[in-house]
Amino acid sequence: MTYRTAVRVRTAAALLALSALAFGAAGCGTSGGTGSGSESGSGAAPAGAAAGSSGVTLTLGDQAKNLQTLVNASGAFKGASYGVKWAEFEGAAPLFQAAQAGAVDTTYAADLPTLQALSGGVPVKAVAGLRNDGTAVGIVVRKDSKIKKVADLKGQTVVVSSAKGSISEYLLANALQQAGLSYSDVKVKYLLPTDAQAAFSAGRIDAWAIFGVYKAVATQQGGREIVNGADGRVSGYGFIGASDKALADSAKKPALRDALRRIGTALEWARSHPAEYAAAISKNNGASAEVAKTIVSQSYGRLVPITPEVTKAVQQVADTMHAIKVLDPNVTVADSVDTSLYTK
């Protein structure tokens with residue numbers, strides 16, 4: 001299965017997953033780095049950003065200005081000796097298409113989109129991990145539901161948002177397994193988050209596997225969370241990836257190493273300046289103040305080296321999704337990483 005084939009199936013999921021964070025199409029803007037620029041995700045590399053004093057320019061792939069907003073707000077790329085261009089995309093699927101076409105040097109995505117890209121043969125390596133606590137993903141039921149725990153889902157219909165292969169589906173599959181159930185013990189129905197939100201509010205959905213702002217809104221509207229992704233029920237990892245072409249470029253590789261260090265610094269800034277980060281999200285992405293605070297509380301908090309612990313956790317995701325025929329062929333995570341760039 002080629003990535004171009006796979007992406008047609010997955011694009012809707014990627015785009016809807018981003019709708020919880022994007023609040024509008026990714027647009028043009030400037031970054032805080034030396035000689036930096038930005039372009040919305042058309043699949044082509046952005047043009048016109050000047051190289052820094054090193055003569056090198058990195059094209060950093062991003063989703064809906066999430067990473068760029070963080071970097072700009074923190075000022076982490078100020079003084080970089082290389083140029084930075086931002087290639088903005090609506091979701092992970094078109095970003096990985098750009099990586100396959102050689103249009104970006106780096107990628108930025110959660111574990112499952114990265115696994116799907118690797119399964120599809122996209123020439124990238126994961127070079128650093130992004131870590132959060134997993135609580136942004138959960139299974140929510142109506143407040144008056146007879147479902148009190150995961151085991152009670154047996155024989156029930158569970159709505160998964162947004163489509164086959166989402167992180168919500170992984171949580172459902174893993175939580176069922178931990179409860180001693182098989183995936184076939186529930187009936188899965190896929191609904192876009194906005195459609196599912198309306199149906200849940202109207203009482204037409206009893207169990208909903210969902211993420212991010214949608215989960216927060218569901219609980220505000222009388223929902224009750226029976227399980228979330230904490231305690232290893234989702235990996236809690238995303239990845240910064242680098243294209244094989246960029247990794248083979250002797251001039252770009254030191255710039256990539258420095259860029260990762262600066263992204264790590266930006267995340268540290270976000271942890272210590274949550275109000276400022278939320279304000280930047282509101283300004284740049286059009287989110288309300290309340291939603292921006294929710295995004296900050298659920299966002300990736302640290303950049304981490306890709307250790308055996310990381311690859312083991314994400315391999316479990318791969319194996320679980322392969323077993324329910326979502327990830328095919330499977331991926332050996334340890335063979336798809338480059339641990340030399342980020343070793344903090």
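**A walk through the fold, starting near its end**

Let us begin with Pro329, which is found in the segment that follows helix 12 (308–323). Helices here are DSSP runs of H or I with at least four residues, strands are runs of E with at least two, and both are numbered from the N terminus. What you are looking at is a predicted model, in which local features need pLDDT of at least 70 and side-chain atom pairs count only at pLDDT 80 or more, while totals for chains, interfaces and linings use all residues. Residues are numbered from 1 along each chain as its sequence is written, and side-chain values use heavy atoms, with hydrogens and water left out.

Back to Pro329: the peptide bond that links Asp328 to Pro329 is cis, with omega about 5 degrees. The segment after helix 12 also holds Lys325. Although Lys325 is not a glycine, its phi is positive, near 65 degrees. Both features are worth a look, because most residues other than glycine have a negative phi and most peptide bonds are trans. Lys325 has a relative accessibility of 70%, so it counts as exposed; that label applies over 50% relative accessible area, whereas buried means under 20% and partly exposed is in between (1.4 Å probe, protein chains only). Asp231, likewise not a glycine, has a positive phi of about 60 degrees. You will find Asp231 in the loop between strand 10 (223–228) and strand 11 (237–243), and its relative accessibility of 71% makes it exposed.

Now step back into helix 12 itself. How far apart are its end C-alpha atoms? They are 22 Å apart, which agrees with the 22 Å that its 16 residues should span at 1.5 Å a residue; the expected span is 1.5 Å times one less than the number of residues. The buried residues of helix 12 include Val310, Val314, Val317, Ala318 and Met321. Spacing of this kind is easier to read with one rule in mind: an α-helix has 3.6 residues a turn, so residues three or four places apart point the same way. Which elements do the buried residues of helix 12 pack against? They meet helix 4 (111–119), helix 5, strand 11 and strand 12 (302–304), where a contact means heavy atoms within 4.5 Å.

Helix 5 takes us to the interior. A nonpolar core is a set of buried Ala, Val, Leu, Ile, Met, Phe, Trp, Tyr and Cys residues joined through side-chain atoms within 4.5 Å. The largest one has 66 residues, and Leu115, Leu153, Leu172 and Trp208 have the most contacts inside it. Helix 5 (residues 167–178) supplies the largest share of this core, six residues. Apart from it lies another core, of 42 residues, with Leu70, Ala76, Tyr82 and Leu256 among them.

Leu172 sits in helix 5 and is buried, since its relative accessibility is 0%. Beyond four places in sequence, the residues in contact with Leu172 include Ile139, Leu153, Val158 and Val186. Leu172 and Val186 are 14 residues apart in sequence, and their C-alpha atoms are 9.7 Å apart in space. Leu153, with its neighbours within four places set aside, is in contact with residues including Leu172, Leu176, Val186, Ala207 and Ile226.

Next, the rings. Rings of Phe, Tyr and Trp (its six-membered ring) pair if their centres lie within 6.5 Å; planes under 30 degrees apart are stacked, over 60 edge-to-face, and the rest tilted. There are four aromatic pairs by this rule. In one of them, Phe77 and Tyr82 are edge-to-face, 6.4 Å from centre to centre with 90 degrees between the planes. Phe77 and Tyr82 are both buried. Phe200 and Trp208 have ring centres 5.5 Å apart and planes at 40 degrees, so this pair is tilted. Phe200 counts as buried at 0% relative accessibility, and Trp208 is buried with a relative accessible area of 0%.

Phe200 has a charged partner too: the charged end of Arg142 sits over its ring, 4.9 Å from the centre. A charge sits over a ring if NZ of Lys or CZ of Arg is within 6 Å of the ring centre and within 35 degrees of the ring normal. Similarly, the charged end of Arg131 sits over the ring of Tyr237, 4.3 Å from its centre.

Finally, a word on confidence. The average pLDDT (the predictor's confidence in each residue, from 0 to 100) is 85 for the protein chain, and 85% of the residues score at least 70. Helix 1 (residues 3–22) has the lowest mean among the elements, 39, and helix 8 (residues 244–247) the highest, 98. The pLDDT is below 50 over residues 1–36, a stretch with 96 contacts in the model beyond near neighbours in sequence. Residues 39–48 also stay under 50, and the model has 25 contacts for them beyond four places in sequence.
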